[in-house]
Amino acid sequence: MTRAINPLALFVAQFALGGSAVAAEIPPQLLDGKIDWVYSYDEGKQLARENGKPLFVVFRCER
Amino acid sequence: MNEVNINLFQFEYDLTWMAFFMDAEDQTYTRYGGREDADAESHLNKASLMHTMQEALRLHLAGKVQHVNRYQATGKPMHTPEDIPTMAAMLARRDVKCIHCHDVKVAELRHRWTLGEFTRDMVFTYPVPSAIGLQMNADRQNQVEAVAQQSPAATAGVRMGDVVLSADGQRIVTFADFSRVLELTPPESELVLELRRGQQLIPVTLELTGQWRRSQDPSWRESLHIAGPNTGLGGKPLSTRERRALGIAPDALALSVNFIWGAHTKQAGVRRGDVIIAIDGQRHDMTGRQLHAYCMLNKDWGDQVPVVLLRDGKEKKLTITFPAKPPWQ
């Protein structure tokens, strides 16, 4: 995927879900700096539908 | 913000960072972002972001999106920044056609101005909880850290330590969730909060009236320039030592002019190196942005404003005459 050249970047990432289906404290998972940002909201939604994960949508203004 | 659906992603466009936790069907679990006037990162920190992520995951597992109510943007119809009538003219003046967050609000406000509908109150979007007397904890953002005396929240009986579960029925997890509710709360209204106090659930009703939506220091807002004219100069407050050398009190206005871009400013005779010690009779300490904000909110295009400055150790009085109309007209 290509990164949009846009000073107002919209980042979309998906959470890693914890292993337990019970709504208990979900431990953080070490990503080691590797976050697969998706730069298209529609693409992010499609991924969310496919894998059942929620979306973390970030608007960041690079002034 | 190019081609972003701003009917879906509605937020304080004067911000430089904002996040939404959502499902795959355009529905929101919670928001994260926002700021107090004094500090851009007042409610942005690792602890609160991690807590919000935990909550978002919990809500996702439980299938608890926000209700589709007036606080939940549906995204329909699709509306992008490019659809704002004044945006085309803004972009035409740029080599790079990228639309920033604040451009969305600026374009909308300019459109309102063109229609003769603009009021200065329109700059004060997304009020924060402190506007109604609630200082929210920076880490656990739905927990009350302090209640301002004689505020609507204090009058209603909110206490330090209370957890705000909902405002007008809208689930509150974060500072940004609360700000979203306040954005759509009319100036004269009653706002019902559901609080958790220990093991008790307590509803309280806040009576809101007057200018609570106006924050004290909106100088950080990029969109503020729509509100009125600015002084056309940049300046830096003098240091303590510099003030002492000039006999200026620590809490007094002492802005050293380091840049002039306004033709009206040059015409008034302001020079680089001048120290502004009063403007329109105001002598309290201000940053350069606060100086602009004062004029933008209190003066109109074509007005004259008296300025007192120090030049070579001597007081000098000038008058700045603002342009008759905004540059975009």
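**Exercise 1. Determine whether strand β2 of chain A is largely enclosed or left open, and identify the strand to which it is joined.**

Solution. Step 1: In this predicted model, strand β2 of chain A covers residues 55-61. Step 2: A residue counts as buried if 20 or more other C-beta atoms lie within 10 Å of its own. Five of the seven residues of β2(A) are buried, so the strand is largely enclosed by the rest of the structure. Step 3: The partner strand belongs to chain B: six bridges join β2(A) to β1(B), residues 17-22, and the two run antiparallel. Within this pairing, Phe59(A) has Met18(B) as its bridge partner.

**Exercise 2. State how confident the prediction is for each chain, and locate the weak stretches of chain A.**

Solution. Step 1: The model as a whole scores ipTM 0.92 and pTM 0.90. Step 2: For chain B, the mean pLDDT is 95, with 99% of the residues reaching 70 or more. Step 3: For chain A, the average is 67, and 48% of the residues score at least 70. Step 4: Within chain A, helix α1 (residues 41-51) has the highest confidence, a mean of 93, while strand β1 (residues 8-14) has the lowest, at 54. Step 5: The pLDDT is below 50 over residues 1-9 of chain A, a stretch that has 21 contacts in the model beyond near neighbours in sequence. It is also below 50 over residues 16-24 of chain A, where ten such contacts are found.

**Exercise 3. Describe the overall make-up of chain B and its division into domains.**

Solution. Step 1: The secondary structure consists of eight helices and 13 strands. Step 2: Of the 329 residues in chain B, 40% are buried. Step 3: Along the principal axes, the C-alpha atoms fill a box of roughly 70 × 45 × 35 Å. Step 4: Among contacts with a separation of 6 or more, 64% join residues 24 or more positions apart. Step 5: The chain is divided into domain 1 (18-123), domain 2 (129-208) and domain 3 (228-321). The centres of domain 2 and domain 3, taken over C-alpha atoms, are separated by 39 Å.

**Exercise 4. Check the length of helix α1 of chain B against expectation, and find what covers its buried residues.**

Solution. Step 1: The helix covers residues 46-62, which is 17 residues; at 1.5 Å a residue it should span 24 Å. The expected span is 1.5 Å times one less than the number of residues. Step 2: The end C-alpha atoms of α1(B) are 24 Å apart, which agrees. Step 3: Its buried residues include Thr52(B), Glu55(B), Ala56(B), Leu57(B), Leu59(B) and His60(B). Step 4: The cover over these buried residues includes β1 and β2 (28-33) of chain B. Step 5: After the helix comes Gly63(B), with a positive phi near 70 degrees.

**Exercise 5. Work out which strands stand at the edges of the four-stranded sheet of chain B, and place Pro203(B).**

Solution. Step 1: The sheet is open and antiparallel, with the order β6-β5-β7-β8. Step 2: β6 (170-171) and β8 (200-208) each have a single partner strand, so one side of each is left without a neighbour in the sheet. Step 3: Two bridges join β5(B), residues 163-167, to β6(B); here Ala167(B) is the bridge partner of Gln170(B). Step 4: Pro203(B) lies in strand β8. It has 11 C-beta neighbours inside 10 Å and therefore counts as exposed. Step 5: Leaving aside residues up to four places away in sequence, Pro203(B) touches Val192(B) and Glu194(B). Ile99(B) is 104 residues from Pro203(B) in sequence and 42 Å away in space, C-alpha to C-alpha.

**Exercise 6. Trace the five-stranded sheet of chain B and the helix that packs on it.**

Solution. Step 1: This open sheet has the order β9-β10-β11-β12-β13, with antiparallel pairing. Step 2: Its edge strands are β9 (233-237) and β13 (314-321), each pairing on one side only. Step 3: From one strand to the next, the twist averages 40 degrees. Step 4: Strand β12(B), residues 304-311, pairs with β13(B) over eight bridges; Leu310(B) and Glu315(B) are bridge partners. Step 5: Helix α8(B), residues 288-298, packs on the sheet and touches β9, β10 (255-260), β11 (275-279) and β12. The direction of α8(B) makes about 130 degrees with that of β9(B).

Methods:
Residues are numbered from 1 along each chain as its sequence is written. Chains are lettered from A and ligands numbered from 1 in the order in which they are written. This is a predicted model: local features need pLDDT of at least 70, side-chain atom pairs count only at pLDDT 80 or more; totals for chains, interfaces and linings use all residues. A residue is buried if 20 or more other C-beta atoms lie within 10 Å of its own, exposed if 12 or fewer, and partly exposed in between; C-beta atoms are placed from the backbone. Two residues are in contact if their C-beta atoms, placed from the backbone, lie within 7 Å. Two strands pair if DSSP finds at least two bridges between them. pLDDT is the predictor's confidence in each residue, from 0 to 100. Axes are lines fitted to C-alpha atoms, for helices over the stretch in contact, and angles run from 0 to 180 degrees between N-to-C directions. Domain bounds come from an automatic or database domain assignment.
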